[in-house]
Amino acid sequence: MTPRAESQVRWPRPRVVAHRGGGRLAPENTLAAIRLGARMGFRGVEFDVMLAGCGTPVLIHDETLKRTSNGRGEVARTPYAELARLDAGAWFSRSYRGEPIPAYEDAVRVCRELGLWANVEIKPSTGYDRRTGEAVALASRARWAGAPQPPVLSSFSTVALAAARSVAPELPRGLLVGRIPPHWHELMRDLDCVALHCNHRALNARLAARIHDAGYGILTWTVNERRTARKLLGWGVDCLVTDALGTIGPSFR
Ligand code: G3P
Ligand code: MG
């Protein structure tokens, strides 16, 4: 078996994935962004999921509403009924005016309609790690049931990952890190992860080989230059998450 063939077995998912839905081309974490990535031929998408004040999982990156909507205040203190009325598109451009903050269940529905695989990043508000991990995992089990490929649930929060594991152990998990900690192997074993999701700047060829030798896949973010993407694929990296959808397309090699 060639190394590339092994890599495909280790990571039977799309090789290039659109970051936050549509990368830089659409307002992040919206259904419009997910649809745009799919129209451009992407077969996989990454997005961030946090709990609204009422416990409903929604797509959003920041703990506060200011940057990516016309709302104010904290996501964790705002019920979904209020979030759903906000505009999460106008900050990006006029053409996306009226685009809502989606509920996670609506994002899953769109992904399934479009045949997209998802890397669902569990993004807890401060102090909500366990609750968010549990809620996103349970919602994922229900909403992705019967899909050809379940999502990979990833998080910077090991508490959230452990919570996801406790309620839905069958869903694959990815350990998300900015820097690769010295005890990465122990952490991944404890959380029973399938892959390390790391900032591409944290990786080198030797580490990539060690991670693969230990039997884990490698997803890197956020890879926006073709030269970097080629280098990472040369190290056997299994998945690239990109903001540059027009530069690093879905069939980039
Ligand atoms: O999941 C990879 C990447 O999305 C992690 O960083 O801040 O863009 O959610 P962030
Ligand atoms: Mg993310």
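**Exercise 1.** What spacing do the donors of the magnesium ion (ligand 2) follow along the chain?

*Solution.* This is a predicted model, in which local features need pLDDT of at least 70, side-chain atom pairs count only at pLDDT 80 or more, and totals for chains, interfaces and linings use all residues. Residues are numbered from 1 along each chain as its sequence is written, chains are lettered from A and ligands numbered from 1 in the order in which they are written, and side-chain values use heavy atoms, with hydrogens and water left out.

Step 1. List the donors, that is, N, O and S atoms within 2.8 Å of the metal (3.2 Å for Na, K and Ca); water is not among the atoms, so sites may look incomplete. E46 (OE), D48 (OD) and E121 (OE) coordinate the magnesium ion at 2.0 to 2.1 Å.

Step 2. Read their positions along the chain: the pattern is E-x1-D-x72-E.

**Exercise 2.** Describe the surroundings of ligand 1.

*Solution.* Step 1. Collect the residues with a heavy atom within 4 Å of the ligand. These are H19, R20, E46, D48, H61, E121, K123, F156, L176 and W221.

Step 2. Sort them by class, where Ala, Val, Leu, Ile, Met, Phe, Trp, Tyr, Cys and Pro count as nonpolar, Asp, Glu, Lys and Arg as charged, and the others, Gly among them, as polar. The shell has 3 nonpolar, 2 polar and 5 charged residues.

Step 3. Look for polar contacts (pairs of N or O atoms within 3.5 Å). Oxygen atoms of ligand 1 lie 2.8 Å from a side-chain N or O atom of H19, 2.6 Å from one of E46 and 2.7 Å from one of K123. Taken alone, the ligand exposes 290 Å², of which the protein buries 92%; these areas come from the Shrake-Rupley method with a 1.4 Å probe.

**Exercise 3.** Is strand 2, residues 44-51, buried or exposed, and which strands does it join?

*Solution.* Step 1. Apply the cut-offs: buried is under 20% relative accessible area, exposed over 50%, partly exposed in between (1.4 Å probe, protein chains only). A strand is a DSSP run of E with at least two residues, numbered from the N terminus. In strand 2, 8 of the 8 residues are buried, so the strand is largely enclosed by the rest of the structure.

Step 2. Separate the faces. G44, E46, D48 and M50 lie on one side, and V45, F47, V49 and L51 on the other.

Step 3. Find the partners, given that strands pair if DSSP finds at least two bridges between them. Strand 4 (residues 117-122) runs parallel to strand 2 through 6 bridges, with W117 opposite G44. Strand 3 (residues 57-59) is antiparallel to strand 2, with 3 bridges, and V58 is the bridge partner of M50.

Key: A polar contact is a pair of N or O atoms within 3.5 Å; within protein, one must be able to donate a hydrogen and the other to accept it, and residues adjacent in sequence count only if both atoms are side-chain atoms. Helices (H or I, at least four residues) and strands (E, at least two) are DSSP runs, numbered from the N terminus.
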